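Let's take a walk through this one together, going sheet by sheet and then helix by helix. Have the sequence and the 3D view open side by side.

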Amino acid sequence: MLGQQILSGLATGSLYALTAIAVVVVFRNTRTINLAQGDFAMIGAFLGIVFLKDWGLNYYVTILLVVACCIVLGFGVERIIMRPIANSDWLTLFTTTIGIYYILHGVAGLFWGRDTKAFPLTFDPTPVDILGAVISQGHLYNMGWALAIGAVLYAFFNFTKQGVAMRALTDDPEAAYMMGIPVRFIVLLTWGLAGFIAGFVGILIAPIIYVSPEMMDEVLVKGYVAAVFGGLYSIQGAVIGALLIGVAENLAGGYIGSHVKTATAFVMIVVLLAFRPQGLIGIQKRREI
Amino acid sequence: MKFGRRALMSLAAVAAIGVLGAPAQAADGPGISDDSVLICSYQPMTGKVSSYFRMGKGADAWFKHVNENGGVNGRMIDYKMVDDKYEPARTKNIVKRFVERDECFAIVAPLGSAPTSAVIEYIVDQSVPLIGAGTGAEKNLTIASQWVFPLYPSYYTEGQQLVRFAKEVFGAAKVAVLYQNDPSGKTHIAGIESVLGDHGVEVVAQEGYEPKEVDVSSQVIKMKESGAQAVICSCAPEPAAKFYTERAKLGWDVPVVNVFFGKSPKVPELAGEAAVEGVYFATIFRDFDSPAPQIQEAKSILAKYYPEEQPDAIHLWGFAGAQVFTEALRRMDSGAITRERLVETLEGIDNWTESVVPNVTIGEGNAPEHFIVKDMSFVVYKGGKFEEFSPPWM
């Protein structure tokens with residue numbers, strides 16, 4: 001039972017990780033906690049249904065189209081909504097994303113209805129056996145994607161010019177501007193990146209948690225907790241935090257009781273922040289100076 | 001001065017007419033006008049359990065049909081539905097507005113155990129008829145009030161019947177229970193526990209889930225490890241689909257009976273037909289496949305007003321409450337339309353067979369005499385559809 005609980009927890013944690021990564025990317029470059037991140041993915045999932053079911057497109061073409069649409073959505077949100085208030089305080093930015101969250105909820109409900117829908121492509125139901133514990137192929141894909149996206153973004157931020165520029169922007173926006181880094185373009189790129197990740201997340205998560213305007217609400221909350229757990233600036237921290245939360249929830253649910261399962265993530269974050277306010281990977285420490 | 005005296009006399013005359021006329025004006029209850037009746041309903045139009053909004057759509061389709069055919073005794077039915085997202089705090093505000101601002105005549109076919117639990121005392125205190133609420137929580141069904149007309153038997157009774165089903169159909173001595181962590185699930189648990197000794201059944205795992213929970217894997221793993229010979233699933237359609245997916249993933253071939261509020265074509269649609277094959281569901285209505293004219297009429301009405309809907313039992317919940325209310329209103333064809341008279345008229349419905357419920361007989365007093373549906377039956381999901389199933393005692 002222990003092995004199965006851990007593996008199933010890792011599977012659920014991978015869902016949180018995919019969202020946590022996007023939360024971190026947006027926050028570190030724009031100081032914005034993007035509460036609409038989950039809804040970018042939700043829109044992607046609905047578009048996936050349209051492309052696969054209504055238009056009869058191929059799965060891989062669908063992924064490309066959904067990711068492209070979500071990138072455009074990210075660009076649109078930055079250009080139309082976030083850029084005019086870019087210099088506002090964090091609370092204004094945060095509150096604005098709540099507004100975007102409700103707008104996207106409303107748009108999805110208007111176009112596709114409120115009912116929960118099945119995603120037309122489901123993974124092969126035959127589970128995969130790993131050392132006596134089983135995992136669904138869908139979850140295995142998600143774990144793989146979470147690790148792959150995390151690795152690609154890690155490489156992007158550490159080894160590419162644009163990535164380093166983004167990091168410079170995070171560390172000191174004014175100095176970055178003085179050094180000739182195109183701040184507006186980098187911010188636009190960040191929101192596009194958030195859309196890029198959301199596109200993948202929407203398509204990958206939809207067959208597992210089904211599609212509805214509210215499909216990402218719980219995942220976003222846990223993804224956000226995972227991002228804070230990891231230190232809010234660290235992609236690796238967010239992934240580790242998400243996987244730890246997924247496993248801890250399952251172990252608490254399995255060995256203490258199902259009634260404590262959903263509270264586990266919040267207990268973990270309270271305890272961690274009490275002893276390590278900078279989160280698991282302490283990049284935020286520089287703020288203490 | 002003369003003018004003032006005349007004016008005073010005129011005012012007095014107007015006041016006298018007003019006073020004399022008052023009984024005639026005040027004869028009808030709140031929400032009643034010469035050409036309409038305002039009734040209200042809270043529904044999970046959005047949110048995690050929005051699939052239950054089918055109930056509201058069923059009731060709304062019926063009232064639209066009634067209005068298109070001239071209304072009831074010359075009055076159109078104004079059916080006001082408001083979204084509470086299945087959040088009791090919202091329901092409280094909504095119902096307060098229904099009663100105090102909108103002056104709804106009655107609350108008809110609303111949905112939800114937790115939302116109804118949050119407002120039922122207030123509704124009763126305000127003497128507002130609550131007709132056909134979609135709830136099986138014990139509190140909502142046993143409240144000693146003439147104003148409450150529950151739709152179906154309590155989850156407590158259903159829990160008792162499901163233990164019997166597990167014993168007599170599956171031959172199980174050890175059962176596991178998956179339940180929603182709210183009044184509906186807890187009422188099922190209470191009912192289950194009340195008859196374990198009678199049937200020689202032991203609960204070896206009892207796992208709860210939150211309606212918004214992303215997955216139920218830890219619960220299902222634990223249930224499988226418990227050695228249960230059967231599962232009673234007190235699950236709504238979406239969590240039920242997650243349970244059946246997880247059960248299939250673990251290769252756990254255990255017989256399952258699901259409570260009636262989880263019987264929906266959404267379950268095989270979301271989980272895949274193979275994962276739900278052979279699962280038994282409790283039910284309280286005839287299926288939409290039934291040739292009964294009442295069911296076929298409901299089906300065509302739903303198709304007309306909500307063409308995008310895939311008809312299922314939850315639509316019928318709405319039809320049932322709405323049809324019973326309409327029938328009572330029809331019988332009040334002369335005299336004042338008051339809430340007290342509505343209750344008396346409902347209590348006079350005896351062996352009425354023209355609704356989606358095979359036979360409606362409402363007694364006097366309160367629950368259980370006030371139940372609109374009194375009997376529970378079963379179906380099994382086989383080969384892509386729900387088939388009627390009769391357990392040994394039926």
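Which residue of E12(B) is the bridge partner of Val379(B)? The partner is Glu388(B). Before going further, bear in mind that the model you are looking at is predicted.

That pair belongs to a stretch worth zooming in on. Strand E11 (residues 377–382) of chain B and E12(B) run antiparallel and are joined by five bridges. Together E11(B) and E12(B) make a hairpin, with two residues between the strands. Look in the turn for Gly383(B), whose phi is positive, at about 55°.

Now zoom out to the sheet around the hairpin. In chain B there is an open sheet of seven strands, and if you step across it you meet them in the order E7-E6-E8-E9-E10-E11-E12, with mixed pairing. At the edges sit strand E7 (202–209) and strand E12 (385–389) of chain B, each of which pairs on one side only. From one strand to the next, the twist averages 25°. The hairpin gave us antiparallel pairing; for a parallel example, go to strand E9 (residues 256–258) and strand E10 (residues 280–283) of chain B, which pair over two bridges. There, Asn258(B) has Phe281(B) of E10(B) as its bridge partner. As a reminder, strands of a sheet pair through backbone hydrogen bonds, in either the parallel or the antiparallel sense.

This sheet has helix H7 (residues 183–194) of chain B lying across it, over strand E6 (174–180), E7 and strand E8 (230–234) of chain B. Relative to E6(B), the helix runs at about 155°.

Chain B has another open sheet to look at, with five strands in the order E2-E1-E3-E4-E5 and parallel pairing. Its edge strands are E2 and strand E5 (148–149) of chain B, each pairing on one side only. Start with strand E1 (residues 36–43) of chain B, which is mostly covered: six of its eight residues are buried. E1(B) runs parallel to strand E2 (residues 76–83) of chain B, and eight bridges join the two. Within that pairing, Ser41(B) has Met81(B) of E2(B) as its bridge partner. Elsewhere in the sheet, two bridges join strand E4 (residues 130–131) of chain B to E5(B), again in parallel, and here Ile131(B) is matched with Phe149(B).

What lies across these strands? One answer is helix H2 (residues 54–68) of chain B, which lies across E1, E2 and strand E3 (106–108) of chain B and runs at about 160° to E2(B). Another is helix H14 (residues 313–331) of chain B, which lies across E1, E3 and E4 of chain B at about 145° to E3(B).

Over to chain A, where we'll follow helix packing. Two packed helices are described by the angle between their axes and the distance between the axes. Take helix H2 (residues 37–54) of chain A and helix H4 (residues 90–112) of chain A: their axes come within 9 Å and cross at roughly 15°. H2(A) and H4(A) are therefore roughly parallel to each other, and their crossing is left-handed. On the H2(A) side you'll find Asp39(A), Met42(A), Ile43(A) and Phe46(A), meeting H4(A) residues that include Tyr101(A), Leu104(A) and Trp112(A). By class, this contact has seven nonpolar residues, one polar and one charged.

H2(A) also packs against helix H8 (residues 183–209) of chain A, with axes that come within 7 Å and cross at roughly 55°. That makes H2(A) and H8(A) oblique to each other, and this crossing is right-handed. Among the contact residues are Gly44(A) and Gly48(A) of H2(A), along with Gly195(A), Gly199(A) and Gly202(A) of H8(A). The contact of H2(A) with H8(A) divides into 10 nonpolar, six polar and no charged residues.

Finally, see how the chains meet. Here 31 residues of chain B are in contact with 31 residues of chain A. On the chain B side, E7, helix H9 (217–225), helix H10 (237–249) and helix H11 (266–271) each supply at least two residues. The largest share, six residues, comes from H9(B). By class, the side of chain B that touches chain A has nine nonpolar, 10 polar and 12 charged residues.

Terms used. Residues numbered from 1 in each chain as written. Chains lettered and ligands numbered in written order. Predicted model: local features only at pLDDT ≥ 70, side-chain atom pairs only at ≥ 80, totals over all residues. Pairing = 2+ DSSP bridges. Helix = DSSP H or I, 4+ residues; strand = E, 2+ residues; numbered from the N terminus. Axes fitted to C-alpha atoms, helices over the stretch in contact; angles between N-to-C directions. Contact = placed C-beta atoms within 7 Å. Parallel < 35°, antiparallel > 145°, perpendicular 65-115°, else oblique. Left-handed = near helix turned anticlockwise from the far one by under 90°. Nonpolar A, V, L, I, M, F, W, Y, C, P; charged D, E, K, R; others polar. Buried ≥ 20, exposed ≤ 12 C-beta atoms within 10 Å, placed from the backbone.
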